[in-house]
Amino acid sequence: MQLTVWTYEGPPHVGAMRVATGMEGLHYVLHAPQGDTYADLLFTMIERRNKRPPVTYTTFSARDLGGDTAELFKNAAKDAYDRFKPEAMIVGASCTGSLIQDDPGGLARSLGLPIPVVTVDLPAYQRKENWGAAETFYQLVRALAGPSAPAPGTKRPERVEGARPTCNLLGPTALGFRHRDDIIEITSLLAKLGIDVNVTAPMTAKPTDIARLGNADFNVVLYPEIGAQAATWLQRTFGQPFTKTIPIGVSATRQFIEEVAALAGVDPAAVLEASASRLPWYSRSVDSTYLTGKRVFIFGDASHAVAAARVASDELGFKVVGLGTYSREFAREIRAAAELYGVEPLITDDYLEVEAKVQELQPELVLGTQMERHIAKRFGIPCAVISAPVHVQDFPARYAPQMGFEGANVIFDTWVHPLMMGLEEHLLAMFKDDFEFKNGAQPSHLGAGHAVLRDDAKEQPAPEMIVQNVISVPAAIWAADAESELKKIPFFVRGKARRNTERFANENGVATITIETLYDAKAHYAR
């Protein structure tokens, strides 16, 4: 284990909570100490749910360890059934609870409850949140849909002639990044193709819905980190194929439509022709100064990171200079994508490594999680959130999907607007000598207190906790004529020019930066 002040994923039982909280009629009995009830706040405070997660904690304390903690669990499970009357129950232990080795599954079965009880045995010290969610969903699907599975080798029956094709949407959970709105967007898109959604799971599904997953013709895997394992089992057991394309971005959405249409046996031409995203025209019509060739660093869960790299490079004209994920189970996909863009993949769950990489690459835009938002603010770099983990502001009241054609519109607004402040920058430069302006004023879109990019603004001190882990570059000495030449550069890129020149000087052993050094550095970084 590693002590840290930030983690990209919680323990696996938080993943199980995400599945239980997203579903209806399912209750989770968790063998856990008093302190583990903190997880409720993830859903009530950050996701702003209007009710507590359907979780009963045994909340044993130190004095209980000398008694019968097994009986404590059995009482908690029985009380949860009597109070909530769920259709099904999942049982397990948190990190600390697993050390007691009380066997929650066996204890729950001994109660003889008149509902399905599914044990989720999650290795708390080897795995993390997304794996826990995927494993919980998989175990639920096996337990609830398994009894209706056909005999091995049975050929899947043909769809009744004239019946509309159906599919399941797999992967969305509580606390997921824009999962709520993605479901609406993709359901609408499928309806336009003449495809009905049989079940959306885990989110919004009941245990009885999970039991009828096998009725659909195929499965749409929206979030492979959560849904791929269950989809693979459904394919093997029920003969249901599943989609591989994640519909984030215009080109991926069109590819998704073609893939789904092929699985359903429908004609996608009308839907493709009527695609209404504004992203393609907007990205072509924006001044290329603000889009083309912008250096972008991307980090998040594997599915969103790979999709973001594709949109950034192919649809917005950005240059991907860094790509990484904290999802070690999907490292292969990140490495393959990184090879396409000629960058070194970053596979880590240590935010300090990510911070050091951002400082090293000096991108002009960061696309990442809530942690990358903090990192980018420290360095004065524009940032947009593309992946969980996220904070409260990324559960907006408005409709804001990431998938489908409307999702592409949302992506354009979210990613590009931090870069679209050129008019403000030019006006500040033009009126910098006016009494109402000052040359040290920073761009308003970076907010008060952020690190300032311009050379004449004061450095913002960074917290000691983080500074000690970040690579520092010693400042070079500037000659007076070079300093004067630097001031001729527009101030909204002057900070970057200063940093690049100092970095060039340090790497080449130049003690004093002259005009020649300034232009040598410019030529070096323009290659």
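**Exercise 1. Pairing around β1**

Task: In this predicted model, find how many bridges join strand β1 to β2, and work out which strands stand at the edges of their sheet.

Solution:
- Start with β1, residues 26-31: three bridges tie this strand to β2, and the two run parallel.
- For a concrete pair, take V29, whose bridge partner in β2 is T56.
- Now zoom out to the whole sheet, which is open and has four strands in the order β2-β1-β3-β4, paired in parallel.
- β2 (55-57) and β4 (117-119) each have a single partner strand, so they are the edges, and one side of each lacks a neighbour in the sheet.
- On average, neighbouring strands here are turned by 25° against each other, direction ignored.

**Exercise 2. Helices on that sheet**

Task: Say which strands α1 touches and what angle its direction makes with that of β1, then do the matching job for α3.

Solution:
- Helix α1 covers residues 12-22 and packs on the sheet, with contacts to β1, β2 and β3 (88-93).
- The direction of α1 makes about 160° with that of β1.
- Helix α3, residues 69-84, also packs on the sheet and touches β1, β2 and β3.
- For α3 the angle with the direction of β1 is about 160°.

**Exercise 3. A strand covered on both faces**

Task: Decide whether the faces of β7 are covered or open, and find which residue of β7 stands opposite N168.

Solution:
- β7 spans residues 218-221, with F218 and V220 on one side and N219 and V221 on the other.
- These four residues are all buried, so both faces of β7 count as covered, with buried meaning under 20% relative accessible area.
- β5 (residues 166-170) runs parallel to β7 and is joined to this strand by four bridges.
- Opposite N168 you'll find N219 of β7.

**Exercise 4. Checking two helix lengths**

Task: Test the spans of α13 and α7 against 1.5 Å a residue, then list what is buried in each helix.

Solution:
- α13 has 14 residues and should span 20 Å; its end C-alpha atoms sit 19 Å apart, which agrees.
- Burial next: ten of the 14 residues of α13 are buried, so this helix is mostly covered. Among them are H304, V311 and E315.
- α7 (residues 179-192) also has an expected span of 20 Å, and its end C-alpha atoms are 20 Å apart, again in agreement.
- The buried set of α7 is H179, D181, D182, I183, E185, I186, L189 and L190.
- Their cover includes α1, β5, β6 (196-201), α10 (250-264), α11 (269-273) and α17 (404-416).
- Just after α7, G194 takes a positive phi of about 85°.

**Exercise 5. Cores and the whole chain**

Task: Find which residues have the most contacts inside the largest nonpolar core, and which helix gives the most to this core.

Solution:
- A general point to begin: in soluble globular proteins, nonpolar side chains tend to be buried together.
- Here the largest nonpolar core has 56 residues, and I298, F318, L323 and W415 have the most contacts inside it.
- Helix α13 (residues 302-315) gives the most to this core, with seven residues.
- A second, separate core holds 48 residues, including W131, A133, V221 and V390. V221 is also one of the buried residues of β7.
- For the overall picture, the protein chain has 22 helices and 14 strands, and 53% of its 527 residues are buried.
- Among contacts between residues at least 6 apart in sequence, 71% join residues at least 24 apart.
- The accessible surface comes to about 24300 Å², with 53% of it belonging to carbon and sulfur atoms.

Conventions:
Residues are numbered from 1 along each chain as its sequence is written. This is a predicted model: local features need pLDDT of at least 70, side-chain atom pairs count only at pLDDT 80 or more; totals for chains, interfaces and linings use all residues. Side-chain values use heavy atoms; hydrogens and water are left out. Two strands pair if DSSP finds at least two bridges between them. Axes are lines fitted to C-alpha atoms, for helices over the stretch in contact, and angles run from 0 to 180 degrees between N-to-C directions. Contact means heavy atoms within 4.5 Å. A nonpolar core is a set of buried Ala, Val, Leu, Ile, Met, Phe, Trp, Tyr and Cys residues joined through side-chain atoms within 4.5 Å. Buried means under 20% relative accessible area, exposed over 50%, partly exposed in between (1.4 Å probe, protein chains only). Accessible areas come from the Shrake-Rupley method with a 1.4 Å probe; for residues, only the protein chains shown count as cover. The expected span of a helix is 1.5 Å times one less than its number of residues.
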